[in-house]
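Notebook open, coffee poured. Two things to look up today: how the domains of one chain sit against each other, and how a pair of helices packs in another.

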There are 2 protein chains.
Amino acid sequence: MSVTIDDIRAAAARLAPVVRRTPLLTDDFVNEQLGARLYLKAECLQRFGSFKLRGAYNTVAQLEPDARKRGVVAFSSGNHAAATAAAARMFGVPAVIVMPADAPAAKLAQTRALGAEVVTYDRATEDREAIGAALAAERGLAMVKPFDDARVIAGQGTVGLEIVEDLAALGVTPDIVLACASGGGLAAGVAVAVKAQAPDAKVYPVEPVGHDDLARSLAAGARVANAPGVRSIADALLVATPGEIPFEIGRRLWAGALSVSDDEILDAMALGFQRFRLVIEPGGAAALAAVLSGKVDVKGKTVVVVASGGGVDTATFSRALARLG
Amino acid sequence: MSVTIDDIRAAAARLAPVVRRTPLLTDDFVNEQLGARLYLKAECLQRFGSFKLRGAYNTVAQLEPDARKRGVVAFSSGNHAAATAAAARMFGVPAVIVMPADAPAAKLAQTRALGAEVVTYDRATEDREAIGAALAAERGLAMVKPFDDARVIAGQGTVGLEIVEDLAALGVTPDIVLACASGGGLAAGVAVAVKAQAPDAKVYPVEPVGHDDLARSLAAGARVANAPGVRSIADALLVATPGEIPFEIGRRLWAGALSVSDDEILDAMALGFQRFRLVIEPGGAAALAAVLSGKVDVKGKTVVVVASGGGVDTATFSRALARLG
């Protein structure tokens, strides 16, 4: 079961009344510094703080009304939690969200404030998928997966649709498009949308260093897992294994996979503060970090990075500010 | 010499190729908390970090080509400096910018990086207008005033034009519009644009507490100055006296003037970080601060605040983050 550009266009029509068409921002200084035309897709300005509303809403909208009425369940390290809670609230149905106990406080609070029931678990010792599946079975809830679902990927793909459409309005075609990746749903959906409209563009997922399951899976030709217990400042990008559907899409459409360190991510967040006046969370800054740290040759190119979310604690944001001295 | 809606429409046409149409953002939580529909006009996402590019470019564009070729001079505590330097660079002419020696380092650096010559002065003992006038006379430079010029006010007024147009596309008319004020150019231009299209809307300038020259001038029926030496965290809002043209417009069109404390401004910056994922500088957060601190009754209303700029040092931004605990 794959995802087509038509699925993404259908998702865009469903999402039009509820999501914000986020701006594609440029900065003259950054462009001069890079010798490239860099566009930043500011999904950190999306409602509820990240692109995740797109996939969650596109999924909840397609549930059978009777099933939807019983409610939904999701597991998430943060942004998908708030997104699923928000989508459920828009349809007036209950949501149960399974979240790691060490998720950023702001994300836990936001999910609860959206009316969801939050069930916490220990990231090191418990299996969130099992907890979610048990809740789904017990209460008859529909699972809204974070990435391994064609409806979710089509929803996230609308980010790519908007990128290509907004660039086309400027008379520009993208050469390179980068999006952060954990399970790979965003990077897969964006790849489908971009490659359908700009077949020569190179699309890259960007992962944390040491959490490069996509890069190793692409090399192996099959999905491989990360070593357990690897940490990264990018709390949103800590899934153990690539999603099955995202990987099947990505192995056909991605030009490779890139990875960035915590320091590279913090530097990208600092540039986001200083030049783009945006609050970008660590995971959301990974794609920008890959460009700034030279992981891909952008000279003379038109490059798009997705800044996927803005849910960051003050302590982490202060670490980024500290790098500006 | 006043400013009309036609002047603002003409400015909008001039500015279309160079300024960004900044988004009008909302946040579900903030709306619930206020019991209002709050829209934030994100001019902190404007090119070169503030709305000031609008007025500066609209002025430089209207100089006689021969005069323009000799170059321009401006005095500014920061954003108007970068804006004038950028506008001059777009026309390929020299710019000399007179800036206070204690302006935020980021603003001094940005102005120099834009190719302008920066002349610094002591805010406590020297008169920037005299320095600017002397430079203009010596070198035959055209003065680009920060606010007391109909061309500048018309440029800033395009912010108000976009607000009303973008709300109209949503089927909404503003009840209350707030913009920060120093000399009053932005608040005057916005008032002309808003009142021409939504005559019942109330438009308020917002000043720092203790720097409320507009409020006292409105009460006195004539322009009065601030006590010398009053400081505020809002470095962009420290002009001694209202501008003559802005005051003449404002006394006809403003519903009054509001003022906010440093702590109220820091809280607004913190909310900007947490809920809007935006970096808003202290002066730029004044309008939002007035709403959050209850300076005007917004219950059930459609309210627009202009977040006018994003040029803030890390130390000041950290003070705002600290208020989130």
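I started with the domain centres in chain A: taken over C-alpha atoms, those of domain 1 and domain 2 are 23 Å apart. Note to self: this is a predicted model.

For the bounds, I have domain 1 of chain A as 5-51 + 150-322, and domain 2 as 53-143. I then pulled the contact between them, which takes 30 residues from domain 1 of chain A and 22 residues from domain 2 of chain A.

Next I looked up the area buried between these two domains of chain A, and got about 2,200 Å². Carbon and sulfur atoms give 52% of that. Which three residues supply the most of what domain 1 of chain A buries against domain 2 of chain A? They are A:Arg14, A:Phe48 and A:Arg151, with 34% of that area.

Over to chain B and its helices. I picked H3(B), residues 52-60, and H5(B), residues 79-91. Their axes come within 8 Å and cross at roughly 40 degrees, which makes H3(B) oblique to H5(B). I also checked the hand of the crossing of H3(B) and H5(B), and it is right-handed.

Then the residues that meet. From H3(B) I listed B:Lys52, B:Leu53, B:Ala56, B:Tyr57 and B:Val60. Facing them in H5(B) are residues including B:Asn79, B:His80, B:Thr84, B:Met90 and B:Phe91. I sorted the residues of this contact of H3(B) with H5(B) by type: nine are nonpolar, three polar and one charged.

Definitions and conventions: Residues are numbered from 1 along each chain as its sequence is written. Chains are lettered from A and ligands numbered from 1 in the order in which they are written. This is a predicted model: local features need pLDDT of at least 70, side-chain atom pairs count only at pLDDT 80 or more; totals for chains, interfaces and linings use all residues. Side-chain values use heavy atoms; hydrogens and water are left out. Axes are lines fitted to C-alpha atoms, for helices over the stretch in contact, and angles run from 0 to 180 degrees between N-to-C directions. Helices (H or I, at least four residues) and strands (E, at least two) are DSSP runs, numbered from the N terminus. Angles under 35 degrees count as roughly parallel, over 145 as roughly antiparallel, 65 to 115 as roughly perpendicular and the rest as oblique. A crossing is left-handed if the near helix is turned anticlockwise from the far one by less than a right angle, and right-handed if clockwise. Contact means heavy atoms within 4.5 Å. Ala, Val, Leu, Ile, Met, Phe, Trp, Tyr, Cys and Pro count as nonpolar, Asp, Glu, Lys and Arg as charged, and the others, Gly among them, as polar. Domain bounds come from an automatic or database domain assignment. Buried area is the accessible area (1.4 Å probe) that two parts lose on being put together, summed over both.
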